[in-house]
Structure formats: C-alpha cells, structure tokens
Amino acid sequence: MRKSGLRTFRGGVHPEDGKALSAARALTPMEPGELLFYSLSQHIGAPARPTVAKGDHVLRGQKIAEAGGFVSAPVHASVSGTVKEIKKMRMPAGNTADCIVVENDGAMRETAFEPADYTQLSGKEILERISAAGVTGMGGAGFPTHVKLSPKEPEKIDYILINGAECEPYLTSDYRRMLENPEMVAEGLKILLHIFPGARGVICVEDNKKDCAAALEKALKGCGNIRIQLLKTKYPQGAERMLIYAVTGRKINSSMLPADVGCIVDNVETAAAVYRAVALGEPVMDRTMTVSGDGAAKPGNYIVPTGMLFREVLEKAGGAKGEPEKMIAGGPMMGNALFSLEVPVTKTSSALLLFGKDPVSEQTPSACINCGRCMEACPGQILPARLAVFADHGDEEKFLKYHGMECCECGCCSFVCPAKRQLSQSIKSMRRLLLAKKKKG
C-alpha cells in the first residue's frame, strides 16, 4: 500500500513551519454571521451569473449563481436567508468581484440533497454532479474540477495524484482532514478513479505526516490500485510540477497541463468535496481553514461557511494578540497580505495568518552579490536574480528568453536572498503582465 523511499525534487527550502501552533487542533465547525457575501469569482474562468435577485429567499445548499461558461463554477448558499443586494467587494487576493449578499435567518433550512451510489454512475454522470456542486481546486488555484477531469484524451490518464503535502508553513487544515476524515479523501479518490478506470491513484503525503499516511492506509484497505507515497518534507513539495516530478519522474512546463503527461492532480480538500458532491449530493458550502501565527490568540482549524468575512472568522476563532503587523490570506510563502479583514471567505481560502511583527517590511534590499543561492533554491531551475532585473526594467523580450514564465511563484528565491531582494515579487508582476497581454491576444 505504501511505497517505500522518500521522493522529492531539486531545489526548494526549509522555512520554519510553525505547524505546531495548530496541528493538534481538531476541525471545528464555525457558526456563520448575520450577513454572508458570496463572490461570483471564486474560481479561475468566467464569473458565475446570479440566479437570484434582491428580496429572494434562499435555502442552504441552493444554487444562487450559475456557471458563466464551461470554465466556470456555480455558487451555492451556505445559509438560508434573504438576498439583500449584489455589490462589488474586495477579495482576499486584492481584486474586486461582484458578491451576492444574503442575510442569514438563522434557521439553516436546506434544499434537498440527492445521494447516489457512484459505482452505478457513468463517468459523464459523475462529472455532471461535480460540476453542479461547484467543486473547484481548493489548494489555491480554484480551477473548476469538472474541467480538470475532462482532458482531451482521457484514455491517456494513468495517474490520479491527491496532494496531501500541505508544504506551506503554518497551514494544518489538510493535515486535520486526512487525520480526522481519511475515508472522505479515500472515497473521493475512488470516485475519480471510476472516471479513469485505467489510472492508478496515489495519495502524496510529506513524511512529517506519517500519522495521516497510517490513517489513509486503513481507509484504503483492499484497494489495489491506490497507494500512499511519502515525500520528503520540503517547500514547495506540494506545487503541481514538483509533485508530479517527485512521484512519477515526469516533467511539465508552463505551456503544458498535467494531463499532457498522463496525470491529474487534486488537493486533499478537493477530493473530500468530490466525495460529498457525488456520493452525498452536497454542493460546496464551506471549506477548512487554519487560523494561526504568533499573532493569533487561539490558533486552530475550522470548517468555515463560504461567504463569512475574515473579520468574523478571526473573532469566532478567539481574536488576535494585540494589533498584528502582518495579516495573510493563505500561506506565508504564496499567500496574499491583507490590509483589511472585510473580505469574504471563498472556496480557495485556506488560512488566515496573523503575525505580531512584519520582518519583511523592516528589511532594506541591497545590490545583488551574485551568490547564486536563488538559483540553487529555485525548483524551476531558472535564474531568479537575472529575471528580476529584466522584470524591474520592463524587458519583456529577455524575460521570455530566459524562461521567466517557468516561475511557479513559490517565493524560494526571495526567502534565501542574502541581499533581501524581493525577487519573486518582481517576477510575479512581470508574469501577470505577460499573461494578461496574451489573454487579450
């Protein structure tokens, strides 16, 4: 069941993980507040289209916005109540999006859910249930799961990888899901394999989570086409390209999809959402979140209804110690700094981190000393220091020539830079600019 030997990739870093703050805290359901704010852009692709209007009464689990296209996902209410308005709000990533505002009536009346025996469903029927439930990638990207599971050549898919690495420091909600609900993860993977009967399943877990591996092995007893693969504990072990290489030895670049090398990668929480969507008929109405950092009064892991404000999440989690200098949505390496907690929880909200001090803001960048540490740490094996210079000078031609688009934005280069240069920030900004230009044609 478990494959011996640790797998990994070249490069990476070992930041202080901070996981001890919340790892022992079980997943705790969180009560929603009076108003819920449902973003129509909780996924990559076209925004969802509202199917409700001001004054409408909605039920928990009811679809309140339909997919805006094939690469899109519907949105469902996490409470019962009345639609107050549709307005623009700031999102955790800093962008703005239209949000459906629902006033919670406190009754939590639900729409009817329709369970199913997935073994009696066709692959197409399973995909339809996943799509209708609004399942998206919950590891951070938010790619609609039904799209990911619809490759051009499905017969060439021979690996379904479940990402249980959770390599970002401080985050422990995936750890708790694997430990507390291993059967949900296991059943989710079995459902995915039902779509691709020729594929093998691999649940990928870093070796600092051996208790999770043991729990998953127990839940998978008798499954000959699924194995547990222990990975070396290293950041960014959970990045899609690194995970695929570590487990299969196959390589992809920025112009390829995992399906191009016969792989599909889904997060642990996504697998659990697939199980709930297909077997129980439940849409995505909540997500697991870690509230942690040395600025959090009571670090822990929570099951949070989508649409709650981050401010309410923090209040119900015990609040902060004093006034934190740094607040982050997501992990400290790839998350987004927050200047306000008046932003809603979405399907991709993995954590709220608070820190008493912000050491990064106190650092003064200096000139590059050409030490090469950024290149050694870079899992993409590119030249971060040089690419950052091209990005800062707006040299798109050289940025592309030196493979700047191969950056996975992991932040390893900035982490190790002795000159304290914000290499990742510069490269990320240039990548976003070039991707936007490409999208415009």
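Let's start with two helices in this predicted model: α4, covering residues 182-195, and α7, covering residues 268-280, pack with their axes 7 Å apart and at an angle of about 75 degrees. Angles from 65 to 115 degrees count as roughly perpendicular, and α4 and α7 are therefore roughly perpendicular to each other. If you zoom in on the contact, α4 contributes M184, V185, E187, G188, I191 and L192. Facing them from α7 are V268, A271, A272, V274, Y275, R276 and V278. By character, the residues of this contact divide into ten nonpolar, one polar and two charged.

Now turn to the strands. Four of them form an open sheet in the order β3-β9-β8-β5, and the pairing is antiparallel. At the edges stand β3 (35-39) and β5 (57-58); each has a single partner strand, so one side of each is left without a neighbour in the sheet. The partner to look at for β3 is β9, residues 96-104, which runs antiparallel to β3 and is joined to it by five bridges. You can pick out one bridge pair by finding F37, whose partner in β9 is V101.

Follow the chain on from β5 and you reach R60, in the loop between β5 and β6 (63-66). Is R60 buried or exposed? With a relative accessible area of 15%, R60 is buried, because buried means under 20%. Its side chain makes a polar contact of 2.4 Å with the side chain of E110. Leaving aside residues up to four places away in sequence, R60 also touches residues including A77, S78, V79, S80, M108, F113, M285 and D286.

Technical notes:
Residues are numbered from 1 along each chain as its sequence is written. This is a predicted model: local features need pLDDT of at least 70, side-chain atom pairs count only at pLDDT 80 or more; totals for chains, interfaces and linings use all residues. Side-chain values use heavy atoms; hydrogens and water are left out. Two strands pair if DSSP finds at least two bridges between them. Helices (H or I, at least four residues) and strands (E, at least two) are DSSP runs, numbered from the N terminus. Buried means under 20% relative accessible area, exposed over 50%, partly exposed in between (1.4 Å probe, protein chains only). A polar contact is a pair of N or O atoms within 3.5 Å; within protein, one must be able to donate a hydrogen and the other to accept it, and residues adjacent in sequence count only if both atoms are side-chain atoms. Contact means heavy atoms within 4.5 Å. Axes are lines fitted to C-alpha atoms, for helices over the stretch in contact, and angles run from 0 to 180 degrees between N-to-C directions. Angles under 35 degrees count as roughly parallel, over 145 as roughly antiparallel, 65 to 115 as roughly perpendicular and the rest as oblique. Ala, Val, Leu, Ile, Met, Phe, Trp, Tyr, Cys and Pro count as nonpolar, Asp, Glu, Lys and Arg as charged, and the others, Gly among them, as polar.
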